[in-house]
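Here is a short briefing on how a protein and its ligand fit together. Take a look at the model first, and then read on.

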Amino acid sequence: MSNTTLRGRDFITWLEFSRDELDAILDTGHDLKRKFIRREPHKILDGQTLHMMFYNTSLRTRNSFETAMTQLGGHAHFLQPGAVYTPALKGDEKAYSTERISDVARVLAEMGDAIAIRIYGKYTDWKYGKGNQIIREFAHWSKVPVINMEDDMYHPCQDLADVMTMQEKLGHNLQGRKFVMSWAYSGSVEKPLAVPQSCIIAAATMGMDVTLAHPKGFDLDPKVLQASKDLAKRHGGAFKIVNDMDQAFKGADVVYPKAWTVQPTDGKMPMDPEKAKALFEANKSWITTQDKMKLTNDAIYMHCLPADRDMEVTDEVIDGPNSVIIEQAANRLHGQKGMMVCIMG
Ligand code: CP
């Protein structure tokens, strides 16, 4: 079950792993899921501890990691600002903390076997890239693996569940299947970029025919776009961007529509709230309806959740026969077990 090239590695973005390594993690996740269904014990991380630091709220991520560690024979320890000495953020240690990241990371690494962190949004002053930078600072100081539970750039654990779900629904080999990551309307403009950016990286890594759809003004990080193009080419897939939701949905095997915020040019997020709101409100038609689903190749409907019903998607679609949102959420457990067994086992 263990993999010597993966043991001890941080899991911060899929971009730092080869296709073979990601396949090993995903296959381990599928294998552990079969064991879970058969109720076969698999206490591979017996006695190990995962320290989880949540700066943001969570239903799926927190509970899937806690459950995963229990089923693997270990323990997940929940930490949040206010309940521990908050590590320094924003470069202003007096404002937020009584301890430096270097001290927090080294202390937790002496006691446990991995450190997992979720951080974006107000805790990073909405400065794009700051959350990822903080997680990398933890990784620099920690002698045990550091896991990204979602920052402002990537959500690599969500990708494990997403790809596992697509493999279950469409077959193990996803090469050439049409994957649509689409922007969708929401009443809130404070929507991270992590899921759409991670999703296009993951789908391109699997050699899918990736279409990114969004209204003008909602461009993703150019570095992520370039990486996705390169990955699609390397793995026999394709990558394109369109500004029309209907055009994107035509012939799709998978649609994954969700809101993300406007990428501001000055690096500060979100952009001017009034301008962002106006851009969102001008694109209320970007909602997934049954009529839009009819344009697809009987596509599965995916969402990382929580979803903004009646804004991003109608109840008819999200609760309909093509929706796989619950399987997707459930696979957070199995994908993360696969990943932790590979890097901690
Ligand atoms: N998809 C996801 O990360 O859900 P939570 O925010 O509930 O963890």
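The shell around the ligand is a mix of three nonpolar, four polar and three charged residues. In this count Ala, Val, Leu, Ile, Met, Phe, Trp, Tyr, Cys and Pro are nonpolar, Asp, Glu, Lys and Arg are charged, and the others, Gly among them, are polar. Please keep in mind that this is a predicted model, where local features need pLDDT of at least 70, side-chain atom pairs count only at pLDDT 80 or more, and totals for chains, interfaces and linings use all residues. Residues are numbered from 1 along each chain as its sequence is written, and side-chain values use heavy atoms, with hydrogens and water left out.

**Around the ligand**

- The residues around the ligand (a heavy atom within 4 Å) are S58, L59, R60, T61, R118, H155, Q158, C304, L305 and R332.

**Polar contacts (pairs of N or O atoms within 3.5 Å)**

- A polar backbone atom of L59 is 2.7 Å from an oxygen atom of the ligand.
- R118 places a polar side-chain atom 2.9 Å from a ligand oxygen atom.
- A nitrogen atom of the ligand lies 3.1 Å from a backbone N or O atom of L305.
- The protein buries 93% of the 250 Å² that the ligand exposes when taken alone (Shrake-Rupley method, 1.4 Å probe).

**Two domains**

- The domain assignment, automatic or from a database, gives domain 1 (3-154 + 332-344) and domain 2 (158-328).
- Each of these two domains supplies at least three residues to the shell around the ligand.
- The C-alpha centres of domain 1 and domain 2 are 24 Å apart.
- In domain 1, 28 residues are in contact (heavy atoms within 4.5 Å) with 35 residues of domain 2.

Terms used
A polar contact is a pair of N or O atoms within 3.5 Å; within protein, one must be able to donate a hydrogen and the other to accept it, and residues adjacent in sequence count only if both atoms are side-chain atoms.
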